[in-house]
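Reader: I would like a close look at a single part of this model, set out step by step. Please begin with an overview of the chain that opens the record, and then move to the part you choose.

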Amino acid sequence: MPTDTAPSSDLRRRPVGGGIAGALRRGARSFAGSARLNASRLTSPLYLGALGVIIVFAYLGSGNPTSFFALSLVLSSIYITLALAWDFSSGMTGYLNFGLPFFFGVGALVTGQLYATDSHLTPSSLAFFSFGVGLLGGFLFSLPTLRLRGPYFSLLSFLLPLIGADFILAFWTQLGLRTQGYYGLPFLGATYGDELVLLSAANVAILTAFFLLRESHFGLVLRGIRDDEDALGSQGIRTFPYKVVAFTLASGVVAFSGATYAMVYTFAGVDAFGFAFILFPILIVIVGGTGELFGSIFAGYVVILLYQYLFPTFSDLTLIIFASAAILLVLFIPHGLVRPLRAFIRFMRTGE
Amino acid sequence: MELLEVSNLTRSFGGNVAVDSVSFRMTSDALAIVGPNGAGKTTLLSTIAGVLHPDHGTVRFRGRDVTRFPPWRIARLGMVKTYQIVRPFRSLTVEENLKLFDKIRGRVDVDRILGVTGLSEVRGQVAGVLPFGLLKRLELAKGLAAKPEVLLLDEPISGLSRSEARDLLESLLELKRSGVRMVLVEHRLSEILPIVDRVVALDRGRTIFDGTRSEFFQDPAVRKAYLGSEDVGN
């Protein structure tokens, strides 16, 4: 076998410090190192393209701030946030999580209750508080469930919005809170155009954070989990903490999104636990490409705008049309739209 | 204190005892576990690595009982297993397959490992498109990236052509010279014997031989298991 360099005893393991403090130090160093390393990735054509798409749609929508088009773009932005969160956690690890609507509903209800308690709270503080509650809820949900593998985890996550919503509402009633919903929440912005700009800015921040994490060592491990989790374990990587961090972050983002949704409609109720809030994000990720992140941006606007404009004509048939299109897409472009785009960019750069 | 000590290890699947009270100590730099098909070699290796838990017996690594440890913990202590059926991270590049182990136990010297295993030229390629021979090398490279004190190699040359196997064994020999200790499970006895110092032979889950390489072919039990008769010569 050809060898390029001489082997050395350096290939053997070097002892490292153990214990919780050591693990925390290593974790902090790992994240800090990754962030420095990957800042250069922000010049990636796909990342810049995704930013361009967000900015263009924000500009187009804010030009006609009270129109149906602007509202549709606001909804697109909310679903894009959900799709980014789903793709970052489930798309990258291969652990299909159907429990997102639960945290979306939690985000909406927490926003409603907080505003009912203190009407001086600003929309941004409500959204960030919901983000915090989502993080905490996601962490607590992840600890027991992510010890399960593949389909077992998926089944449990599927039940979460169903059982969890009932549990929350029962708990809500016990506390004497409003189960019939919260009306009169503050608007996220003065017009749909303003809301669109805010949500677009949030999506830029979320996309950037997830993209940097995806390109870091943390992201490598998540993608390794999707490929072969047991092989990672056999070679010294404890996958559980990585999965917990990914799903906790995603839950926080989803709760944040639930809060913004409640403030767009100025109402928070049990409908926020609805299945649409998992169906459309998954559809967007399928169209865009699993684990690609940018795909959620490109596909998000297409899927939601199409739905918004087809629904008045086709009513409930719209979902059937979408499902059929998704099946065809999986058959003919199984990796979604971004991977061929990535291959094209590579071809243009290197000729390979 | 031995680096690796296995005592009375037993592992069964239903009524089938795959490994039956196997004991040995690793007193050399390279140890081969050999035996005919179904002898229990891979089960033994998986049990040592924590992938399977034994019914009875203990595994001690550097004097520490690691019998019930999960695989990641055993690997972090320095005993790392590679797989007979290659398990690359298919969506990652060759380089990323190694970088995965960066920051787990300090920086991985990717260039050096790629050099030793002859993978430098394909470092940027996605592992999922590599041919089998290169995937076998990648399996070894991943094991090295985990910075092992002891590499547990499960049939590293199975499925390789003679020349591919020779190349990989040369790499193993170089690694051994550089101080990496290894336990090899292998079918192709004549090819691996030159690089090992001691041999443990199994037959139907039981130890039938534990000794040096030179003693191996002189042992009557080994002759019977491999050649069907104690009388047949080398």
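Author: In this predicted model, chain A holds 13 helices and two strands, and of its 352 residues 46% count as buried. Among the contacts in chain A that link residues at least 6 apart in sequence, 81% join residues at least 24 apart.

The part I would single out for the close look lies in chain B, namely strand β3, which covers residues 30-34. Five of its five residues are buried, so β3(B) is largely enclosed by the rest of the structure. The burial holds for both faces of the strand, since B:Ala30, B:Ala32 and B:Val34 are buried on one side, and B:Leu31 and B:Ile33 are buried on the other.

The pairing of β3(B) can be followed strand by strand. With strand β8 of chain B, residues 181-185, it pairs in the parallel sense over four bridges, and within this pairing B:Ala30 stands opposite B:Met182. With strand β9 of chain B, residues 198-203, β3(B) is again joined by four bridges, and these two strands also run parallel; here B:Val34 has B:Ala201 as its bridge partner.

For a contrast in burial, one can turn to helix α12 of chain A, residues 317-332, where the number of buried residues among the 16 is zero, so the helix lies largely in the open. Its length can be checked as well: at 1.5 Å a residue the 16 residues of α12(A) should span 22 Å, and the end C-alpha atoms are 23 Å apart, which agrees.

Notes
Residues are numbered from 1 along each chain as its sequence is written. Chains are lettered from A and ligands numbered from 1 in the order in which they are written. This is a predicted model: local features need pLDDT of at least 70, side-chain atom pairs count only at pLDDT 80 or more; totals for chains, interfaces and linings use all residues. A residue is buried if 20 or more other C-beta atoms lie within 10 Å of its own, exposed if 12 or fewer, and partly exposed in between; C-beta atoms are placed from the backbone. Two residues are in contact if their C-beta atoms, placed from the backbone, lie within 7 Å. Two strands pair if DSSP finds at least two bridges between them. The expected span of a helix is 1.5 Å times one less than its number of residues.
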